[in-house]
Amino acid sequence: MGQLEVNNLVKRLGDNLVVDGVSFAVNEGEFFVLLGPSGSGKSTLLRLICGLETPDSGSIQVNKRDITRLPPRERNLGMVFQDYGLYPNMNVYQNIAYGLEARGVPRAEIARRIPPAAEKLGLTAHLKSGIVDLSGGEQQRVALARAMVKDADAYLYDEPLSNLDPKLRHKARRDIMTVHKEKHKPSVYVTHDQSEAFAMGDRIAVLAKGKLQQVGTAEALLHQPANLFIAMFVGSPPINLVEGTIATENQEYYFYGDGIALKLPQAWHHPLNHYDMRKIILGLRPDALTVPESDVDEDSLVSGAVEYVEPLLGETIVGMKVGSRTSLSAALQDTENESLNVGESLRVSIDTERLLFFDVESEKAIAI
Ligand code: ADP
Ligand code: MG
């Protein structure tokens, strides 16, 4: 089975520890997304995999073959860069052919492979065009076609869509998935854009300061974030975080924060039994706040003054001030009967099945 594996990769550049002990394995046919803020080490990680940098320690395997020290052209990887890496003095056909020629693929074989790839990516009419005569979207497809004609063991993409305007990005995403589905090889796709990561990734690995923070599906990152960084980095609108205290009374557990008092479900009693009278951070996704039904449990209600109202497609984001220092944002689905004018008071119900808690010191999520 095809597989790409990196083990404990470390890379220093100058004084910076840019990649700090990263390990992951990507399966055959898996589309694996590396998501992280700018400067988190994503490009360096891809450059290590494709051989443009050499790691200080750690190893890289493709199909169980150790490629850590091989020069780039012996690694047999397909790579699509952010700036496309096209040669302006060659036409489209020559650019697509270049990688194959460099590897000594016979001319007849090249001529056989290019037309179907060009056809799939809508480039047939452009094969003789100069690169500078193409739009950004077309250039991006040339870079993709160049990766597509290779029979690579794995494919790597470094923010290949970030130079395209938003309209073209959706088409380009589909083009990339077309190539991926046809190749069915392990693929690593780098982006700082979480909506892109969520739309494309089978699994998503979140990188911060050169370290992998969590690897999982979009669902897992949203609903079981490993730590505060993930909780804040993933999700839109951002998560609400409220510092407060856990207290136990009559065998019940409560969270008390500025403007919020919650009775906690039984499931939290055990995980929080060391937190009695201690500080803790509550995390609430905006869509865990809803317009209450009439017979709602008083223990999960909060109220406050509306600070802003932002209507979106299918939902309304409402900011409300619930305490002297605390505001919450709520993503409300059904707001027809609510008064949502700034300054008016609003009551919302918190879905206590969706609470998240984080340790103040370690910033790790407390597992339920
Ligand atoms: P990303 O692709 O996630 O934006 P990079 O891998 O490009 O991140 O860079 C990660 C970090 O490495 C950045 O903080 C950057 O400043 C640092 N860095 C990159 N190249 C060098 C270099 N040649 N010398 C020192 N630091 C570098
Ligand atoms: Mg980068």
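Two strands count as paired if DSSP finds at least two bridges between them. E15 and strand E19 (residues 345-350) have 2 bridges and pair in the antiparallel sense. The structure is a predicted model. The points below cover the surroundings of ligand 1, strand E7 with its partners, and an open sheet of 5 strands.

**Ligand 1**

- The residues around ligand 1 are Leu13, Asn16, Val18, Pro37, Ser38, Gly39, Ser40, Gly41, Lys42, Ser43 and Thr44.
- By class, this shell consists of 3 nonpolar, 7 polar and 1 charged residues.
- Glycine 39 has a backbone N or O atom 2.7 Å from an oxygen atom of ligand 1.
- For lysine 42, a polar side-chain atom lies 2.9 Å from an oxygen atom of the ligand.
- Serine 43 has an N or O atom in its side chain that is 2.9 Å from an oxygen atom of ligand 1.
- On its own, ligand 1 has 570 Å² of accessible area, and the protein covers 59% of this.
- Strand E2 (16-27) and helix H1 (42-50) are the elements that give two or more residues to the shell.
- Of the elements, H1 gives the most, with 3 residues.

**Strand E7 and its partners**

- Strand E7 spans residues 154-158, and 5 of its 5 residues are buried.
- In a regular strand, side chains alternate between the two faces of the sheet.
- In E7, Ala154, Leu156 and Asp158 point one way, while Tyr155 and Tyr157 point the other way.
- Residues on both sides of E7 are buried.
- Strand E6 (residues 77-80) runs parallel to E7 and is joined to it by 4 bridges.
- Within this pairing, methionine 79 has leucine 156 of E7 as its bridge partner.
- E7 is also joined to strand E8 (residues 187-191) by 4 bridges, and these two strands run parallel.
- Tyrosine 157 stands opposite tyrosine 189 in E8.
- Between E7 and E8 the chain passes through helix H5 (residues 166-183), making a right-handed β-α-β crossover.

**The open sheet**

- An open sheet is formed by 5 strands, in the order E15-E19-E16-E17-E18, with antiparallel pairing.
- Its edge strands are strand E15 (289-290) and strand E18 (327-332), each of which pairs on one side only.
- Where E15 meets E19, leucine 289 stands opposite isoleucine 350.

Key. Residues numbered from 1 in each chain as written. Chains lettered and ligands numbered in written order. Predicted model: local features only at pLDDT ≥ 70, side-chain atom pairs only at ≥ 80, totals over all residues. Heavy atoms only, no water. Near = heavy atom within 4 Å. Polar contact = N/O pair within 3.5 Å; in protein donor to acceptor, adjacent residues only side chain to side chain. Areas by Shrake-Rupley, 256 points an atom, 1.4 Å probe, with all protein chains shown as cover. Nonpolar A, V, L, I, M, F, W, Y, C, P; charged D, E, K, R; others polar. Buried < 20%, exposed > 50% of the residue type's maximum accessible area, 1.4 Å probe, protein only. Right-handed = clockwise from strand over helix to strand, strands pointing away.
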